[in-house]
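Open the model in your viewer and keep the sequence panel visible. The stops below are given as selections, each followed by what is found there.

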Amino acid sequence: TDCTALEKVVIDNSYVTIEDNVFEGCTKLETINLGKNVVAINPRAFKDCTSLNNIVIPDKDVNISKLAFENTKFYNDESNWKNGFLYCGNHLIDSKNKTGKIVISEGTKTIASGVFSGTQITQVIFPDSLLRIGNDSFRWCRQLDNVIIPKNVKTIESGAFSTCSLLKTLEIGESVEFVEDEAFSYCDLSDLTLKWRVKSVGEEAFRGCKFKGIIEFPDELETIGKQAFAECHYITGVKFGNNLVSIGQSAFEYCSIIENIDLGNSVKSIGKLAFKNCGTLKSISLGDSVERINAQAFKDCTALESIKLGKNIKYLYYSAFENTAFYNNEANWENGVLYIREYLIKANKEIVKGSYSIKEGTTCIAGAAFEDCRLMDGITIPVSLKEIGEYSFQGIYLDVLEIPEGVTKIGEY
């Protein structure tokens, strides 16, 4: 910035991102030629370059902000706008006053971020040439009712169709690998066709959508972000592929009519609140791949009466199963202590008194399992134990606690 005498910029092939505001206010700049390796042009990169009229952007997938060229000569010249669209090469930079059905020109490679945000369009036809739909491109297009993602798009960027509340029909094909944060949050999507090979679903990507039935994820899927499908009240089941590693915090929270979950054989971590308040879920079977179940993961799943855990859990918090049918069934508690397989889940502070001996074969004490059990004065830990969760003995007054040599991890407090 402040290079007011600068007239020409040639970006060599070593630069990949043109950062925010970097050439803003270069009022004599007339020509820019961006190198073939440029992948992003950020907001206001060339804003107020009032002489800038010659812009060369490589003919490939480039992440462009619609604000990048605001108040340049190129942007302000009405002759560069065709039928309300501003293109720079094969990149759609901005639009004006678009309503109803729109058709994106064949050959278009990218749609810049925010181009149609808040407009009254009802339908959009994408060309097969399209590679990128920029973030927030169609956010708040509340009249848009159907979308077919073209066959060469790999990434649906953050907020791309967020809050398109009438968007019912959506087809996502095999090319899509990444669905970013809030991409379709609070859309209708009651008619959803998924042929995707997605690798990652971002935070809140489908939050609050109304698609129905069972969602099947491909084997390519590796991560599901925080609240990705939260408040999707019409999902009845979820089937995961065989490469999913982690399910994020609150990923399916308040999916109130989920009845079954097939986790596959690769999930290692189930996030905090991941399936909280899935009130019709009756049974879960977690395979040997699962190593971590975070706090409240299945809390308030009030119909959940059958819980099967694998043999390799290394971290578990007691509230993961709090207020489930299994947790609330007194018959599942042994003298005031709840076990699932070789895992000690929780001790009832009103019942467990004096000295308590943990069952032989127990390998893990869940986080906060004995918290505030103030009526206890001693505890015997079996040699089988390997993990002691965080806060496990917080609030207990013990003179002596012998920890076996086999314990490999002790949580905080």
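The tour visits two sets of paired strands and then some cysteines.

This is a predicted model, in which local features need pLDDT of at least 70, side-chain atom pairs count only at pLDDT 80 or more, and totals for chains, interfaces and linings use all residues. Residues are numbered from 1 along each chain as its sequence is written, and side-chain values use heavy atoms, with hydrogens and water left out.

**Stop 1: strands 7, 8 and 9**

Select residues 85–88, which make up strand 8. Strands (E, at least two residues) are DSSP runs numbered from the N terminus. F85 and Y87 lie on one side of strand 8, L86 and C88 on the other, and all are buried; buried means under 20% relative accessible area, with a 1.4 Å probe and protein chains only.

Add residues 81–82, strand 7, which runs antiparallel to strand 8 and is joined to it by 2 bridges. Two strands count as paired if DSSP finds at least two bridges between them. W81 has L86 as its bridge partner. The hairpin of these two strands has 2 residues between them, and N83 takes a positive phi near 55 degrees there.

Now add residues 91–95, strand 9, joined to strand 8 by 4 bridges and also antiparallel. Y87 stands opposite L92. In this hairpin, again with 2 residues between the strands, the positive phi belongs to G89, near 60 degrees.

**Stop 2: strands 30, 31 and 32**

Move to residues 337–340, strand 31. V337 and Y339 point one way, L338 and I340 the other way, and all are buried.

Select residues 333–334 for strand 30, which is antiparallel to strand 31 with 2 bridges. E334 stands opposite V337. The turn of their hairpin contains N335, with a positive phi of about 55 degrees.

On to residues 343–347, strand 32: 4 bridges join it to strand 31, antiparallel. V337 stands opposite A347 here. R341, in the turn between strand 31 and strand 32, has a positive phi of about 55 degrees.

**Stop 3: the cysteines**

How many disulfides does a search of the whole structure find? The search finds 0, a disulfide being a pair of cysteine sulfur atoms within 2.5 Å. Select C209 and C232: the sulfur of C232 is the nearest cysteine sulfur to C209, 5.3 Å away. C209 counts as buried because its relative accessibility is 1%.

Add C255. Its closest cysteine sulfur is also in C232, at 5.2 Å, which is too far for a bond. C255 is buried, with a relative accessible area of 0%.

How values were computed: Buried < 20%, exposed > 50% of the residue type's maximum accessible area, 1.4 Å probe, protein only.
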